[in-house]
Amino acid sequence: MNAMTRRVVIGTAAVSMAVSLTACGKAGDGDAAAGGDSKTIGLLLPENKTTRYETFDRPIIEAKIKELCSDCEVKYNNAAQDTETQKKQFDALVTQGVKVIILDAVDYKATKSWVQQAEKKGVKVVAYDRLAEGPIAAYVSYDNEKIGRLQGEGLVKALGDKAKDANVVMINGSPTDPNAPLFKKGAHSVLDKQVGKIVYEQDIPDWSPDEANKKMGAAIDSLGKDGFQGVYSANDGMAGGIITALNKQGVKVPVGGQDAELAGLQRILKGEQSFTIYKQIKPEAETTAEIAVALLKGEKFDHLTPTKVTSLTGEFTNIPAKLYDAQIVTKDNIADTVVMDKVYKAADICTAEYKAACEAAGIK
């Protein structure tokens with residue numbers, strides 16, 4: 001982890017800890033029964049290629065749990081995109097007697113039997129960011145189909161007058177991530193009506209920027225440098241790989257992304273990437289922590305989950321949920337979104353290479 005990332009982690013955690021007014025108030029330290037099991041929450045995140053998980057999600061969740069339950073322990077593991085690794089991590093938590101697990105699944109379909117076995121042992125599972133299959137106690141994420149629509153709208157806007165005749169390449173997310181088909185569906189609902197044609201489309205395993213780079217290279221070879229006018233990228237990490245492939249061939253077309261990653265924001269300022277989707281991670285992470293602590297203490301959390309959802313297979317229904325909104329970020333509103341919300345400091349974004357672009361965008 002480099003120094004800048006460390007600063008962001010510490011800054012985010014500090015901001016998170018400073019917020020003490022929560023929906024369910026400050027929990028007393030002695031509320032839960034004594035003993036390690038009733039004080040331990042498992043946290044399983046899926047991968048570390050996307051910078052958000054280690055930089056934001058983990059420190060915010062850990063800080064919020066600590067704020068609500070000062071003697072609670074968080075047992076954390078990252079599966080590095082490997083389903084079998086995550087299964088072992090999950091099973092180990094259950095074996096250790098952990099009663100609440102926050103799970104962001106590598107492969108949502110694989111989790112059904114894990115969660116069913118855990119439920120039989122009285123373990124509550126909160127699905128975080130991705131809706132895992134199984135008898136989930138609660139789910140916190142975003143309206144992911146709407147995010148796909150926003151991505152489609154962002155690309156149409158970036159294409160401008162050329163949109164209605166434009167050929168578009170679609171580089172979609174990982175097939176094992178339940179959010180990816182929702183992003184794709186939402187994006188298609190806009191692009192299918194408002195652009196000329198989708199001329200090349202690929203799903204990318206593991207959200208791999210390297211694989212996205214290769215597929216974009218293949219698309220250029222197949223379509224020709226003038227054979228497409230825009231690229232939909234399901235996230236910023238892959239957009240980086242895509243833009244590298246475009247630059248190598250001297251192709252300049254609008255490319256969109258998602259996650260408001262630091263590198264993505266810098267590419268937007270540089271004019272290489274047209275937009276990203278900003279999802280406020282802090283409310284998502286803190287709500288998840290509040291639900292996990294409530295489950296640990298046997299308290300109600302209905303006020304935190306106003307919606308009910310059904311799993312992607314349709315097998316599990318009425319899952320209590322909270323789905324947050326998101327917004328399109330371009331050069332024009334970086335200052336009013338990610339900087340204003342203290343996701344990144346202006347100094348993090350505006351390194352020497354981007355100083356002039358930052359000034360032009362009003363980022364101080």
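The following exchange asks how several descriptions of this predicted model are justified.

Reader: Before the details, what makes the confidence in this chain something one can state, and where does it fall under 50?

Author: The model is predicted, and the chain averages a pLDDT of 91, with 90% of the residues scoring at least 70. Over residues 1–36, however, pLDDT stays under 50, and for that stretch the model has 57 contacts beyond four places in sequence.

Reader: How is the chain built in outline, and how many of its residues count as buried?

Author: The secondary structure comes to 13 helices and 13 strands, and of the 364 residues of the chain, 55% count as buried. Among the contacts with a separation of 6 or more, 72% are accounted for by residues 24 or more positions apart.

Reader: How do you know that Cys69 and Cys72 are joined by a disulfide?

Author: The sulfur atoms of Cys69 and Cys72 are 2.0 Å apart, and because a disulfide is called at a separation within 2.5 Å, the pair meets the cut-off. The angle about the S-S bond is 70°, and the link of Cys69 and Cys72 is right-handed. Both of these cysteines are buried.

Reader: What makes Cys350 and Cys358 a disulfide, and which hand does their link have?

Author: The argument rests on the distance between the sulfur atoms of Cys350 and Cys358, which is 2.0 Å; the limit is 2.5 Å, so the pair counts as a disulfide. Here the angle about the S-S bond is -95°, and the link of Cys350 and Cys358 is left-handed. A search of the whole structure finds 2 disulfides, and with bonded cysteines counted along the chain they follow the pattern 1-2, 3-4.

Reader: Why is Cys350 called buried, and why is Cys358 called buried?

Author: Cys350 has a relative accessibility of 10%, and because the term applies under 20%, Cys350 counts as buried. For Cys358 the value is 1%, which is also under 20%, so Cys358 counts as buried.

Reader: Why is Ala80 called partly exposed?

Author: The relative accessibility of Ala80 is 48%, and because buried requires a value under 20% and exposed a value over 50%, Ala80 falls in between and counts as partly exposed. Ala80 is found in the loop between strand 2 (73–78) and helix 3 (83–95), and its phi is near 50°, a positive value in a residue other than glycine.

Reader: Ala260 has a positive phi although it is not a glycine; where is its place in the chain, and is it buried or exposed?

Author: The phi of Ala260 is about 50°, and its place is in the loop between strand 9 (255–256) and helix 9 (262–270). With a relative accessible area of 3%, which is under 20%, Ala260 is therefore buried.

Reader: What lines the second largest cavity?

Author: Ala260 is one of the residues that line this cavity, and the others include Thr51, Arg52, Phe56, Asp259, Glu261, Tyr278 and Lys279. The elements that give two or more residues to its lining are helix 2 and strand 10 (276–279). The volume of this cavity is about 70 Å³, and by class its lining has 7 nonpolar, 1 polar and 4 charged residues.

Reader: How many cavities of 30 Å³ or more does the search find, and which residues are closest to the centre of the largest cavity?

Author: A search of the whole structure finds 2 cavities of 30 Å³ or more, and about 130 Å³ of space lies in the largest cavity. Of the 14 residues that line the largest cavity, Tyr53, Asp177, Trp207, Asp259 and Lys279 are the closest to its centre. Helix 2 (52–68) and helix 6 (179–194) are the elements that give two or more residues to that lining, which by class has 3 nonpolar, 4 polar and 7 charged residues.

Reader: Why is Thr40 called buried, and which residues is it in contact with, leaving aside its neighbours within four places in sequence?

Author: Thr40 has a relative accessible area of 5%, and because that is under 20%, Thr40 is buried. Thr40 is found in strand 1 (residues 40–45), and, beyond four places in sequence, Thr40 is in contact with Glu73, Lys75, Val98, Lys99, Val100 and Leu296.

Key. Residues are numbered from 1 along each chain as its sequence is written. This is a predicted model: local features need pLDDT of at least 70, side-chain atom pairs count only at pLDDT 80 or more; totals for chains, interfaces and linings use all residues. Side-chain values use heavy atoms; hydrogens and water are left out. pLDDT is the predictor's confidence in each residue, from 0 to 100. Contact means heavy atoms within 4.5 Å. Buried means under 20% relative accessible area, exposed over 50%, partly exposed in between (1.4 Å probe, protein chains only). On a 1 Å grid over the protein atoms alone, a cavity is a set of points where a 1.4 Å probe fits but cannot get out, and a pocket is an open set with protein on both sides within 12 Å along at least five of seven lines; lining residues have an atom within 4 Å of a point. Grid points are joined across faces, edges and corners, and a volume is the space filled by probe spheres set on the points. Helices (H or I, at least four residues) and strands (E, at least two) are DSSP runs, numbered from the N terminus. Ala, Val, Leu, Ile, Met, Phe, Trp, Tyr, Cys and Pro count as nonpolar, Asp, Glu, Lys and Arg as charged, and the others, Gly among them, as polar.
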